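Hi,

Here is the structure I said I would pass on. Have a look at it first, and then read my notes underneath.

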Amino acid sequence: MREELVWTDEGASEQPSLLRATLEFVGALWLLLIATLRGLFRGRFEGRECLHQMAFIGATSVPIVALTSSLAGAVITLYSTSLLLRVGGSGFVGGALSVAMTREIAPILTGIMVTARCGSAIAAQLGTMKITEQIDALRALGVSPIQYLVVPRLLASLVMFPLLGVVANFAGILGGLLIASALGVSAHVYFRSVQLFTEPFDLIGGLVKTLVFAVIVIMVCCQQGLGARGGAVGVGHATTRAVVLSMVLVFVANYFLADALFAKR
Amino acid sequence: MRSRKPAAMPPAIELRGLVYTVNGRTILQGIDLQVAPSEIVAIMGPSGCGKTTLLKCIAGLLRPTAGEVRIEGMEIGQLSERERMPLRLKLGIVFQHAALFDYLTVFENVAFGLMRHRKLSRGELERVVRERLAWVGLEGVEHLYPAQLSGGMRKRVGLARALALDPHIVLFDEPTSGLDPINAYQIDRLIRRLNSELGLTAVVVSHDVVSVFRTADRVLMMEAGQILVEGSPDAIRRCDHPHVQAFLQMASTERL
């Protein structure tokens with residue numbers, strides 16, 4: 001298997017048509033995914049790099065994920081509460097939010113925020129390493145760039161994305177509580193409703209989504225970084241493409257996952 | 001003085017009909033080359049003639065479109081990336097801009113390959129790294145990051161990193177470009193000394209005529225992906241090929 005096609009400029013057209021560019025992207029992504037999965041089970045485990053990435057992708061993303069999801073929780077509650085109170089449905093406020101939060105908002109916000117924060121950084125770092133020959137230097141030292149750079153990032157994400165998803169759920173439901181109580185729904189009623197309407201599968205399904213998003217974000221951003229060409233401008237383009245493609249693919253995957261996981265429930 | 005290996009040894013590097021094509025452009029068009037063990041071969045030529053591509057094909061970083069690349073008798077051209085990994089350890093490469101890992105210290109850069117391919121205790125690791133840095137004339141910079149070093153120091157750290165795993169062959173991509181004459185002289189002396197003391201085979205890609213003539217045993221002139229002439233530094237000086245003469249004259253110190 002020619003895993004070096006991920007980073008070599010060989011065979012990549014200079015001004016490809018949209019169709020060709022799409023096919024090249026899918027091909028490179030597929031090659032990278034296979035090589036990464038193989039590296040996950042076969043190669044040397046880069047523990048230190050993995051810990052670094054867990055801190056970067058996980059720990060330092062907690063504030064931004066918590067902030068955005070608590071605001072999302074708050075704004076949904078703002079609309080739903082005024083609506084539900086009009087029909088006397090204060091007992092639905094917490095439940096409505098928690099179902100939306102666990103199934104949709106927490107996983108999506110985790111995916112989007114980590115893409116913006118870390119995906120861009122990963123693409124820029126790997127892209128810079130590519131154009132300054134550091135990727136070649138790794139290979140010259142007998143170290144696979146996939147083993148050393150991609151595998152630890154994927155492992156770290158697979159651990160951290162679900163944890164960030166849990167953080168997002170808590171923050172969102174607390175943000176909702178704040179607004180709900182300000183609008184006259186008591187904390188007791190709110191939490192009772194959360195309990196009543198949220199099933200364990202809502203939470204588990206949502207966290208399964210974050211695992212899929214982790215794979216998408218890391219694979220796309222690493223592929224774009226390793227495929228960067230042509231100096232600082234090339235790294236800039238790679239970073240932009242990494243973020244845009246990751247986010248679009250997260251939304252596309254989210255639709256199909258929602259259909260598969262929750263549509264029949 | 002020079003530790004020449006017996007004649008039965010296969011050539012350190014052997015290229016046969018090496019062709020490299022990318023995006024429809026042919027960069028190398030049929031290169032044949034043999035480098036004997038402990039020989040210093042310099043490859044000269046104008047920018048864009050395929051020198052660096054040739055070096056990367058020898059290093060196994062690029063896959064040749066056609067032809068053979070043999071390192072110590074072993075054909076590496078068509079091996080997969082994974083199969084080539086262990087073979088790369090026979091070669092060290094010093095990149096044009098050093099290509100140091102900028103998020104690691106000097107110590108971690110030099111120790112990088114050792115930590116992954118040798119089982120050394122912390123003490124041994126430190127000893128080897130310090131020794132390699134001493135070889136290239138650097139001491140007391142272990143804790144610095146590449147951004148804190150000058151260009152010449154970075155190149156020397158790059159060389160120390162390439163030497164860490166005791167390669168038999170070292171490939172140099174423009175070792176003296178961008179350096180002042182004193183630094184360039186020191187790098188040249190270092191290449192010569194490593195060759196005489198360790199019997200290192202070296203391929204030096206450069207367009208620095210002065211530096212090439214004082215280090216190389218044999219010089220190759222390349223143009224447009226082909227080898228134009230080859231011979232000893234003296235033979236190249238006397239060569240009457242117009243391109244070679246033009247190249248050498250433009251590099252002379254005569255006042256315009």
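Below is what I found, going from chain A as a whole to its helices, then to the contact with chain B and a few single residues.

One thing before you start: this is a predicted model, so please read everything here in that light.

**Chain A overall**

Chain A is built from helices: there are nine of them and zero strands. If you walk along the sequence, the pattern reads α-α-α-α-α-α-α-α-α. The C-alpha trace spans about 70 × 40 × 35 Å along its principal axes. Chain A has 265 residues, and 50% of them count as buried. I also looked at contacts between residues at least 6 apart in the sequence of chain A, and 88% of these join residues at least 24 apart.

**Helices α4, α8 and α9 of chain A**

Start with helix α4 (residues 93-131) and helix α8 (residues 200-226) of chain A, whose axes come within 8 Å and cross at roughly 15°. Since angles under 35 degrees count as roughly parallel, α4(A) and α8(A) are therefore roughly parallel to each other. Their crossing is right-handed. Sorted by type, the residues in the contact of α4(A) with α8(A) come to 13 nonpolar, twelve polar and four charged.

Next, find helix α9 of chain A, which runs over residues 231-261. Is its length what you would expect for a helix? What span should 31 residues give at 1.5 Å a residue? The expected figure is 45 Å, and the end C-alpha atoms of α9(A) are 43 Å apart, which agrees.

Which residues of α9(A) are buried? They are A:Val235, A:Ala238, A:Thr239, A:Ala242, A:Val243, A:Leu245, A:Ser246 and A:Val250. These buried residues pack against α4 and α8 of chain A, the pair described above. When you look at how they are placed along the helix, it helps to recall that an α-helix has 3.6 residues a turn, so residues three or four places apart point the same way.

A:Met247 is also in helix α9 of chain A. Is A:Met247 buried or partly exposed? It has 19 C-beta neighbours inside 10 Å, and a residue needs 20 or more to be buried, so A:Met247 counts as partly exposed. Setting aside residues up to four places away in sequence, A:Met247 touches A:Ile112 and A:Thr115. A:Met247 and A:Ala21 are 226 residues apart in sequence, while their C-alpha atoms are 18 Å apart in space.

**Where chain A meets chain B**

The contact takes 19 residues from chain A and 19 residues from chain B. On the side of chain A that touches chain B, five residues are nonpolar, five are polar and nine are charged.

For a residue to click on here, try B:Met85 in helix α2 (residues 81-88) of chain B. Leaving aside neighbours within four places in sequence, B:Met85 is in contact with A:Gly142 and A:Ser144. B:Met85 is partly exposed, with 18 other C-beta atoms within 10 Å. Within its own chain, B:Met85 is 25 residues from B:Gly60 in sequence and 8.8 Å from it in space, C-alpha to C-alpha.

**A helix pair in chain B**

Chain B has a helix pair to look at too. The axes of helix α3 (residues 106-117) of chain B and α5(B) come within 7 Å and cross at roughly 30°. That makes α3(B) roughly parallel to α5(B), and the crossing is right-handed. B:Val106, B:Asn109, B:Val110 and B:Phe112 in α3(B) meet B:Val157, B:Ala160 and B:Arg161 in α5(B). By type, the residues of this contact are five nonpolar, one polar and one charged.

**Two residues with positive phi**

Finally, two loop residues for your list. A:Glu133 has phi near 65°, a positive value in a residue other than glycine. A:Glu133 is in the loop between α4 and α5 (134-140) of chain A, and is buried, with 22 other C-beta atoms within 10 Å. B:Asp166 has phi near 50°, again a positive value in a residue other than glycine. B:Asp166 is in the loop between α5 (151-163) and β7 (169-173) of chain B, and with 14 C-beta neighbours inside 10 Å counts as partly exposed.

Best wishes

Technical notes
Residues numbered from 1 in each chain as written. Chains lettered and ligands numbered in written order. Predicted model: local features only at pLDDT ≥ 70, side-chain atom pairs only at ≥ 80, totals over all residues. Axes fitted to C-alpha atoms, helices over the stretch in contact; angles between N-to-C directions. Helix = DSSP H or I, 4+ residues; strand = E, 2+ residues; numbered from the N terminus. Parallel < 35°, antiparallel > 145°, perpendicular 65-115°, else oblique. Left-handed = near helix turned anticlockwise from the far one by under 90°. Nonpolar A, V, L, I, M, F, W, Y, C, P; charged D, E, K, R; others polar. Contact = placed C-beta atoms within 7 Å. Buried ≥ 20, exposed ≤ 12 C-beta atoms within 10 Å, placed from the backbone. Expected span 1.5 Å × (residues − 1).
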